[in-house]
Amino acid sequence: MAGKTTTIRMLATLSKPDAGTARIFGYDLATEGDRIRSRISLTGQYASLDEDLTGLENLVMMAGLMGYGRKEAKTRAKELLTAFGLEDAAKRQVKNYSGGMRRRIDIAASLVVTPDLLFLDEPTAGLDPRSRNQVWDIVRTLVSTGTTVLLTTQYLEEADQLADRIAVINQGKIIAEGTSSELKASVGTGTLTVQLVNAEDRDRTIELLKQKLSVGIHTGTDPTTLTAQVSDPSLVAEALGALTQERIAISDFSLGRPSLDEVFLTLTGQAAETENV
Amino acid sequence: MIDSTELRKQITVDERLQDAISSTSRPKRPSAVSSTMVFATRALLRIRHVPEQMFDVTLFPIIFLLMFTYLFGGAIAGSTADYLQFLLPGILVMTVAQITMYTGIDLNNDIRKGIFDRFRTLPIWLPSALIGALLVDVIRYSMASFIMIGLGLALGFRPEGGLSGVLMAIGMILIFSFSLSWIWTTLGLIVRSEKSLMMLSFLVMMPLTFVSNVFVDPSTLPSWLQGFVEINPISILATAVRGFMHGTATFEQVMWVLIVSLLFVAIFAPLTMYLYRNKK
């Protein structure tokens, strides 16, 4: 509850903001809720269907509420069930669906009429990897057909995989925003890892790297491994050159881009949650 | 390893997904009537899938009628047959009035699941969600009424008002119950859990149904209690229902039922809708 769900609920016209304004497609959230509602769809954190009804009945109901006639509603519901790989479960009550199936029918219910903007609140929370990949595929397909998707997630890998723009929320405030690359670049180029051949060289190496990179050097439990967060990759080449000159033998080195996890921890200094746009 | 049939299935699903998502043209926003019908259909489907929820309109009336007829019949009226003439209209009112509270419980359940949020993000005439459910409840109430009257007839109840009188009486009960339900929908939106809602409804309904003219002639009560019994909506309805069943209904009795019903709707329907729309 660090602000993701609240934000989504306000944007989907479910809760009124205490202060401030927001516009969606140019419509004011406070006064033009009806116009917004006709262009958005929401799939909340909890199954938002009637669990006692079957999958087919639920989708027919949703189609009816979107304005389809009785017959078209049924056709549309069946089309969606097939598209989401649920045709075999059409006549089963939703309460007997597995977690992944439930997510899919939930999302399908939001797509009876393709919305211009779809809110997905933690769509993969608690799913196994296979179901998660299915949800990811659905999101990618949606985006490719022109729907804007605003999804929240706790998993930074998910944000990295799906999002064009990411906003990181910590304790109700956006602390960083941008593309995945921008966020990564903002905390430095990445992590330099140096693996020494001889542990005796350790102190000498730390001195040398500190001098060349002018950042803190981290040591781990393995006495031959040293890591540092570097911002300028050109310094790394110089530092490695200096090591060779001093005849310090290294068995391995790597310079990796930081993962979003590292970005996040650097930004917040603590574990928290993220929202990606 | 994914075998080739699995892979092919995956690919066709993806294409279908693409088609299904991109092929939609937005239909016209549904009219208030058609969205109400969709919600009524949902309530009917729920009865089909969860038939246990019909116990309240089938077993309740039977147990209540048998219990009170034979428990109080001898003591209050001297004979069960005489008492039944007096009791049946009242106990019918009491039973139906009590089962109206399930409307609030259903709504309360919807809120705690996500479906309530989904309905609220739809571009529909929002009261239809409640009116659709209430219309099906009216069917349930009439079912309870017919079961109870049927059993009463078998036990020796003889309405002097005839068939038309009985039907008018049921009509009164349905109008009143539909109106009363809005109190429970209001409470269903305020109260946090199903349990506390149950408790609260009993707290309201127990005194209302017992301290009324359903079981006893109010002239036997102390005068301060008579005052309450007279303005108790349950008494007002029971009087009119008795009147119709025994062919003695007056215009005034009917008017009072309609006034009370109208008051319930006028106060609690807008309140319900306000809470429904603004629930956090």
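# Chain A, chain B and their contact

A:Arg247 has 7 C-beta neighbours inside 10 Å, and therefore counts as exposed. In this predicted model, A:Arg247 sits in the loop that runs from α10 (233-245) to β11 (250-256) of chain A, and its phi is positive, about 60°, although the residue is not a glycine. A:Phe25, in the loop between β1 (23-24) and β2 (27-28) of chain A, is likewise a residue other than glycine with a positive phi, in this case near 50°. A:Phe25 counts as exposed because it has 12 C-beta neighbours inside 10 Å, and a residue is exposed if that number is 12 or fewer. The table sets out the two residues.

| Residue | Phi | Loop in chain A | C-beta neighbours inside 10 Å |
|---|---|---|---|
| A:Phe25 | near 50° | between β1 (23-24) and β2 (27-28) | 12 neighbours |
| A:Arg247 | about 60° | between α10 (233-245) and β11 (250-256) | 7 neighbours |

## Chain A as a whole

Chain A contains 11 helices and 12 strands, and its C-alpha trace spans about 80 × 45 × 30 Å along the principal axes. The radius of gyration of chain A is 25 Å, whereas a compact globule of 277 residues would have a value near 19 Å. The domain assignment of chain A gives domain 1 (4-153) and domain 2 (188-257), and the C-alpha centres of these two domains lie 50 Å apart. Of the 277 residues of chain A, 40% count as buried. When contacts in chain A between residues at least 6 apart in sequence are considered, 68% of them join residues at least 24 apart.

## Nonpolar cores

The largest nonpolar core has 74 residues, and the members that touch the most others within it are A:Leu59, A:Ala63 and A:Leu80. Helix α3 (residues 55-65) of chain A makes the greatest contribution to this core, with 7 residues. If residues up to four places away in sequence are left out, A:Leu59 touches A:Ala77, A:Leu80, A:Leu81, A:Ala108, A:Ala109 and A:Val112. Another core, of 46 residues, lies apart from that one, and its members include B:Ile149, B:Ala169, B:Met245 and B:Ala249.

## Helix α3 of chain B

In chain B, helix α3 (residues 55-77) has a kink of about 30°, which is centred on B:Leu71. The buried residues of α3(B) are B:Val57, B:Pro61, B:Leu65, B:Phe68 and B:Thr69, and among the elements that cover them are α4 (80-99) and α7 (127-155) of chain B. After α3(B) comes B:Gly78, which has a positive phi, near 90°.

## Where the chains meet

Between the two chains, 33 residues of chain B are in contact with 41 residues of chain A. On the side of chain B that touches chain A, α1 (4-22), α2 (32-49) and α6 (115-120) of chain B each supply at least two residues, and α1(B) provides the largest share, 8 residues. Sorted by class, this side of chain B has 13 nonpolar, 12 charged and 8 polar residues. Interface size is often expressed as the accessible area lost when the parts come together; the contact here is described instead by its residues, 33 from chain B and 41 from chain A.

Notes
Residues are numbered from 1 along each chain as its sequence is written. Chains are lettered from A and ligands numbered from 1 in the order in which they are written. This is a predicted model: local features need pLDDT of at least 70, side-chain atom pairs count only at pLDDT 80 or more; totals for chains, interfaces and linings use all residues. The bend at a residue is the angle between axes fitted to the seven residues ending there and the seven starting there. Helices (H or I, at least four residues) and strands (E, at least two) are DSSP runs, numbered from the N terminus. A residue is buried if 20 or more other C-beta atoms lie within 10 Å of its own, exposed if 12 or fewer, and partly exposed in between; C-beta atoms are placed from the backbone. Two residues are in contact if their C-beta atoms, placed from the backbone, lie within 7 Å. The radius of gyration is taken over C-alpha atoms; the globule rule is 2.2 Å times the number of residues to the power 0.38. Ala, Val, Leu, Ile, Met, Phe, Trp, Tyr, Cys and Pro count as nonpolar, Asp, Glu, Lys and Arg as charged, and the others, Gly among them, as polar. A nonpolar core is a set of buried Ala, Val, Leu, Ile, Met, Phe, Trp, Tyr and Cys residues joined through C-beta atoms within 7 Å. Domain bounds come from an automatic or database domain assignment.
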